[in-house]
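Got a new structure on your screen and not sure where to start? Let's walk through it together.

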Amino acid sequence: MIRRRTLLTTLLLLLGVSLCATPSHGAYGLKINTYDLADNPNLSDLNVTGTVTYDKESKTLTLNNATIKTTPRAGVTSLVFAIDNTGVQGLTILLKGDNVIEPLVIPGSGSSSQPPKLCGIRLYENTTIKGDGSLTIRTNKQATEDCAIILMRTTTLTVEECHLIITAKDYAIDGGQLTRTPLVIKKAKVEMGVEASTGLAIRRTPVISLDNVKISEPVGGKLEGEMIKDKNDNADLKSIKLVPIPTGIALAPASPKELAIKETLQLTAIISPKYVENKEVTYTVKDGKTDIVTVSADGLVTAIGPGKATIEAKPVEGTAAPAEIEITVIQPVTGITLDKQEATLKPSEELQLTATVAPDNASDKSLEWSSSEKDIASVDQTGKVTAHTSGTATITVKNTPSGKSATCTITVAKEEKEEAEEPEEDKVDKKKQGGSKALDTPVSKPEASPYTIAPNPSQGIIFISDLTEPATIHVYSLLGEQLIAIQRASSGSIDLSFLPKGQYIIQINGIPHRLTLN
């Protein structure tokens, strides 16, 4: 029995299978430098810096700018692994920032004739290394047959969308038990190299799968028979470099943009995954609308003429769907002119202003009209000005998108008093009334009057409505003295602010009305 066990041991050693290959499961089955994480070891005592955490529920070991120095443990003289997954099926090693696994023992130092193998990672269960960070693994080049990653049983290692750099003396990735251990590289950048003349970048791992990854080194390399080979069909490679090909593209800015003619916009293409090396992009104007925009080889868009066009960006490598951005080119307003720059009006008089926008093909000719003094002269959104009371107002027309504007100064003059022959029916027999007797003072709108005076009382400006035909309007004091006579063709306002406060008689076509000025 003893002889048989010795023969078996010798055979296993000849086959390169370590007797330490049988896992010793801890509570988690996940160890750092031989200490199970379930024991909550003090990682700083294990020569770990940065942040290393494990979430049992999601089975995620997170390395965040961490450095793990593979450290011999007292009593362990053979294999030591920085990370040893002996029992977590579906483990994820999540990389954030730049992470390093390297031996504590400096090559060339130490007195041991056979130093322990300070390796990087051993996997008994399916494991994925992923994240937007990187992991560099260096091994103890002082030991014999050192390796960075050992895959036990039929464990599948998936390296996904991260950057894995391995430098070893003998083996970068090793299928440790001579089984068909799958290695899947998915949208990741992987660089592997060994120094020993007999070393191999990949040993005993014949089942290799590349997902959106190309072989950059060796030049002319290929994946054939589930193995990476050089152009001479050699699978025993000392150096391998795999790089992802573009699977996605986005543009910045992403939302539609509006440009004025001759204006430019720089587009930036964002290629995914992160570690793509060939980020060359082809830009084109869809449907040949180069009379609207042009785009340079580096994504500089130039607006040529009014209209809408779409810019398309597509990686020159890979099968990523193109990214697009819609560009609207506008012809801005360059100037506005008015048919009048100044005008003088009487109260209630109207004036139509006309604005001309240049150029004729301006994209947005919208105009906004406003008055600086609306109580003196107002303007509607068609440019019609209405005078109200004496004074000066500035009428402004503006194109808001361009900021261009034009103005017209409106002066509203005081209405002159008119002396007119008083009709017989309006004459006051002052002698009969004793020269000082007041006129009869009717209400502001007698029952027989078809006209309305408002406001009444007033502070000076009144508005006479319901005047449908030309009329003579007389203003008298209560003593019967005629103060003003006005001819009006229609309803409108009258400025009596020059009269003292008091009561007056206003006759409209012979119909008297009482008016109070406050």
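What follows is a chat between a reader and an author about this predicted model.

Reader: What is the mean pLDDT of the chain, and where is the pLDDT below 50?

Author: The mean pLDDT is 85, and 84% of the residues reach 70 or more. Residues 1-26 are below 50, with 27 contacts in the model beyond near neighbours in sequence. Where pLDDT is low, the predicted coordinates should not be read in detail. So the mean is 85, and among the stretches below 50 are residues 1-26 and residues 106-113.

Reader: How many disulfides does the count come to, and why is there no bond at Cys119?

Author: A disulfide is a covalent bond between the sulfur atoms of two cysteines. For Cys119, the closest cysteine sulfur is in Cys147, and because the gap is 4.2 Å, that's too far for a bond; the cut-off is 2.5 Å. Cys119 is buried, by the way, at 1% relative accessibility. The disulfide count is zero.

Reader: Is Thr128 buried or exposed?

Author: Start with its place: Thr128 is in strand S9, residues 127-131. Setting aside neighbours within four places in sequence, Thr128 has contacts with Leu91, Thr92, Ile93, Thr158 and Glu160. Its relative accessible area is 19%, and the limit for buried is under 20%. So Thr128 is buried.

Reader: How far apart in space are Tyr28 and Ala38?

Author: Tyr28 is in the loop between helix H1 (2-14) and strand S1 (30-32), and it is partly exposed at 27%. Beyond neighbours within four places in sequence, its contacts include Asp36, Leu37 and Ala38, as well as Tyr54 and Lys56. Tyr28 and Ala38 are 10 residues apart in sequence, but C-alpha to C-alpha the separation is 5.6 Å.

Reader: Which residue does Glu102 form a salt bridge with?

Author: Glu102 is in strand S7 (residues 98-103), and its partner is in strand S4 (residues 60-70), 33 residues apart. Glu102 is buried at 15% relative accessibility, whereas the partner, Lys69, is partly exposed at 26%. The closest N and O atoms are 2.5 Å apart, and the residue you want is Lys69.

Reader: And which residue does Arg122 pair with in a salt bridge?

Author: This pair also links distant parts of the chain: Arg122 is in strand S8 (residues 117-123) and its partner is in strand S5 (residues 79-85), 38 residues apart. Arg122 is buried at 7%, and Asp84 is buried at 6%. With the closest N and O atoms 2.8 Å apart, the partner is Asp84.

Reader: How many salt bridges does the count come to?

Author: Besides those two pairs, Asp170 and Lys169 meet in a salt bridge at 2.8 Å, N to O. Salt bridges with shared partners also join Lys222, Glu224, Lys229 and Asp233 into one network. The count comes to 14.

Reader: Which peptide bonds are cis?

Author: Most peptide bonds are trans. Pro218 is in the loop between strands S19 (213-217) and S20 (222-224), while Pro253 is in the loop between strands S23 (248-252) and S24 (257-260). Omega is near 5° at the bond from Glu217 to Pro218 and about 0° at the second bond. Among the cis bonds, then, are Glu217 to Pro218 and Ala252 to Pro253.

Reader: What is the phi of Glu161?

Author: Most residues other than glycine have a negative phi. Glu161 is in the loop between strands S12 (157-160) and S13 (163-168), and it is partly exposed at 33%. Lys187, not a glycine, has a positive phi of about 55°. Glu161 also has a positive phi, near 50°.

Technical notes
Residues numbered from 1 in each chain as written. Predicted model: local features only at pLDDT ≥ 70, side-chain atom pairs only at ≥ 80, totals over all residues. Heavy atoms only, no water. Helix = DSSP H or I, 4+ residues; strand = E, 2+ residues; numbered from the N terminus. Buried < 20%, exposed > 50% of the residue type's maximum accessible area, 1.4 Å probe, protein only. Contact = heavy atoms within 4.5 Å. pLDDT = per-residue confidence, 0-100. Salt bridge = Lys/Arg side-chain N within 4 Å of Asp/Glu carboxyl O.
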